[in-house]
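Let's take a friendly walk through a protein structure, one piece at a time. Keep the picture at hand and look up each part as it comes.

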Amino acid sequence: MARQNPATGETEAQGDAIVAVPLRHPWRISIAVVLVFLLALFIVDASQRPDYGWAEVGKYLFDRRISQAAWVTLTLTIYAMVGAIILGLLLAIMRLSPNPVVKSIAWLYLWIFRGTPVYVQLVFWGIVALIYPVFTIGIPFMTPWITIPNDVFTNLYITAVIGLALNEAAYMSEIVRAGLLSVDEGQEEASTALAMSWGQTMRYVVVPQAMKIIIPPTGNEVISMLKTTSLVAAIPLSIDLYGVSRGISAVTFTPVPLLIVASIWYLLFTSVLMVGQHFIEKRFSRGTGRRQAGPASETDPAVAAVTAAPLGNDLGGKG
Amino acid sequence: MSATPMVTADRISKSFGSNNVLRSISLEAQAGEVLCIVGPSGSGKSTFLRCINHLEKIDAGRLFVEGQLVGYREKGDKLHELKPKEAALQRRDIGMVFQRFNLFPHMTALENIIQAPMRVKRIPKSKATLRAMELMERVGLGDKADHYPAHLSGGQQQRVAIARALAMDPKLMLFDEPTSALDPELVGEVLDVMKELATSGMTMIVVTHEMGFAREVADSIAFMDGGVVVESGPPRELLGNPQQDRTKAFLSKVL
């Protein structure tokens, strides 16, 4: 029997080391082999099939029209997401407000914009300039004082940004709301007790902590938005990546190579975004102790209970 | 003529729904005094404390800090609720320490301490930092300024929380069971800081279960049960010779 030597703390004798036959997993290997074989078969076949037109792919991948269209897709994504995040933050705060009027407005917005397809919304924004050709200011049903032509919705690019942002804001507001709700109540209380105003409490205490919860799903939304921009064809705007690829293929009668070209660009962007998201997440996990391993991350259980904020459970709630 | 008491509670009541948490509480704390509030859990001690800096609204009675009505303005015979800004102004002079510390986890100890002076009092960062370092020294954590709360022990966190409250130069400090969430061996370091604070003349209202601390430091002790102050007086009298049966029953369990 092994005994501890109180002087050295070492065990005087050790039990026999375990030498056992490891559990075999024959199915894992056989399935993997079959899948790799099938994949190889597909690649070999695809490389020879004329429909894929690999020469065409190479020709159009760095075509100036394509790279310009990729730039349009990227800026559409950025503008739409920035708009959606700002509006989403506003809507989230409105929904958490004690004012029932403000709360209802936010709820109604969510109900409409999350309850109808984004494609349908984009078609609507595309024809809104026909419904409202001018903006007027004045007393209703009287001759207006000022008449401004509707230049906003006649510009299809701006229409696309607005249409995408308005739809996305509904989703962003739920993400932001879940983040704000996840911050421990004691934080707001401590900040209030220090005489900080509600605005300061939100800005310096609650929102920075909510970011940890908000950022991962927001990264998801950015990636999703990048692909949703292909729906601007509904407006119809055709200067984005998908629109231009389709335009070229309509002339050259080579749809598949251009789909591959567009997909490669989309994949490139989403891959870069994934890397970016990783670094942002790291930045906002400051002070949680998760970042540093080892003894430094040991926390008092009571503290862990405070800092490990409960995840918002209202995400995707009744809208 | 005696000076205005730091805190005057005049028959205040508070209920959450049908639950009457405070029932006509009257208490006074003089400037420079340490008032300890003891009693079983659920007796309304913490709620009373939270009313003093208006984290909770009272339903009846009047509550004054330095002769000033808390949370309301009296105009004629009517009370007007204060705007959030005015309520915040009243809180500037009242520090609060919580049972679960409530440090801001995304800031270092130092950043925790300088927030309110910078944001509320608009003190420049360099000046606030100097003062914060003094306070960190005072609570015995001069070398921990750059640590995040998660990397400090419970006792250290609570001491940072005390320094954070002191950074606003309060006239009154409220302690809401400051040692209840701590491991037993960490209680002493926090109580030592509080004793030092009491000796320096700070007015303190302390909700606590530490009877030893209350006996040693308090100028007066109030025993609360079921939302009322059952008995209050100097420690020697209240602990040594309690008059009420409920006080006797409680003390026999905790002493």
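## A sheet of four strands in chain B

Phe64(B) has Leu69(B), a residue of E5(B), standing opposite it. The strands behind this match are strand E4 of chain B, residues 60–65, and E5(B), which run antiparallel and are joined by two bridges. Please keep in mind throughout that this is a predicted model.

E4 and E5 belong to an open sheet of four strands in chain B, with the order E2-E1-E4-E5 and antiparallel pairing. Why do strands E2 and E5 of chain B each have one side without a neighbour in the sheet? Strand E2 (19–29) and strand E5 (68–69) stand at the edges, and each has a single partner strand, so one side is left without a neighbour. Helix H1 of chain B, residues 45–52, lies across strand E1 (7–16), E2 and E4, and runs at about 60° to E2(B).

## A sheet of six strands in chain B

Chain B also holds an open sheet of six strands, in the order E8-E9-E10-E3-E11-E12, and here the pairing is mixed. Its edge strands are strand E8 (94–97) and strand E12 (228–233) of chain B, each of which pairs on one side only. On average, and ignoring direction, neighbouring strands of this sheet are turned by 15° against each other.

For a parallel pair, look at strand E3 (residues 34–38) and strand E10 (residues 203–207) of chain B, which pair over four bridges. One residue to find is Val34(B), whose bridge partner in E10(B) is Met204(B). Helix H5 of chain B, residues 154–166, packs on the sheet and touches E8 and strand E9 (172–176). The direction of H5 makes about 170° with that of E8(B). Helix H6 of chain B, residues 184–199, lies across E3, E9 and E10, running at about 145° to E10(B).

## Leu35(B) and its surroundings

Is Leu35(B), a residue in strand E3 of chain B, buried or exposed? Its relative accessible area is 3%, and buried means under 20%, so Leu35(B) is buried.

Setting aside neighbours within four places in sequence, Leu35(B) is in contact with several residues, among them Leu27(B), Ala29(B), Met204(B), Val206(B) and Ile221(B). There is also a link to notice between distant parts of the sequence: Leu35(B) and Pro235(B) are 200 residues apart along the chain, and their C-alpha atoms are separated by 9.8 Å.

## Two loop residues with positive phi

Asp169(B) is not a glycine, yet it has a positive phi of about 50°. You can find Asp169(B) in the loop between H5 and E9 of chain B. At 44% relative accessibility, Asp169(B) counts as partly exposed.

Glu177(B) also has a positive phi, of about 45°, although it is not a glycine. Its loop lies between E9 and H6 of chain B. With a relative accessibility of 11%, Glu177(B) counts as buried.

## Chain A and its helices

How many helices and strands does chain A have? Chain A has 11 helices and two strands. From the N terminus on, its elements run α-α-α-α-α-β-β-α-α-α-α-α-α. Of the 319 residues in chain A, 36% are buried. Among contacts in chain A with a separation of 6 or more, 72% come from residues 24 or more positions apart.

One more spot to look up is the peptide bond from Ile235(A) to Pro236(A), which is cis, with omega near 5°. Pro236(A) sits in the loop between H8 and helix H9 (241–252) of chain A.

## How H3 of chain A packs

Two packed helices are described by the angle between their axes and the distance between the axes. Helix H3 (residues 64–96) and helix H4 (residues 100–115) of chain A pack at an angle of about 130°, with axes 7 Å apart. H3(A) and H4(A) are therefore oblique to each other, and H3(A) passes H4(A) in a left-handed crossing. The residues of this contact are nine nonpolar, no polar and two charged.

H3(A) also packs with helix H8 (residues 198–228) of chain A, at an angle of about 140° and with the axes 11 Å apart. H3(A) and H8(A) are therefore oblique to each other, and their crossing is right-handed. The contact of H3(A) with H8(A) has nine nonpolar, three polar and one charged residues.

Terms used:
Residues are numbered from 1 along each chain as its sequence is written. Chains are lettered from A and ligands numbered from 1 in the order in which they are written. This is a predicted model: local features need pLDDT of at least 70, side-chain atom pairs count only at pLDDT 80 or more; totals for chains, interfaces and linings use all residues. Side-chain values use heavy atoms; hydrogens and water are left out. Axes are lines fitted to C-alpha atoms, for helices over the stretch in contact, and angles run from 0 to 180 degrees between N-to-C directions. Angles under 35 degrees count as roughly parallel, over 145 as roughly antiparallel, 65 to 115 as roughly perpendicular and the rest as oblique. A crossing is left-handed if the near helix is turned anticlockwise from the far one by less than a right angle, and right-handed if clockwise. Ala, Val, Leu, Ile, Met, Phe, Trp, Tyr, Cys and Pro count as nonpolar, Asp, Glu, Lys and Arg as charged, and the others, Gly among them, as polar. Two strands pair if DSSP finds at least two bridges between them. Contact means heavy atoms within 4.5 Å. Buried means under 20% relative accessible area, exposed over 50%, partly exposed in between (1.4 Å probe, protein chains only).
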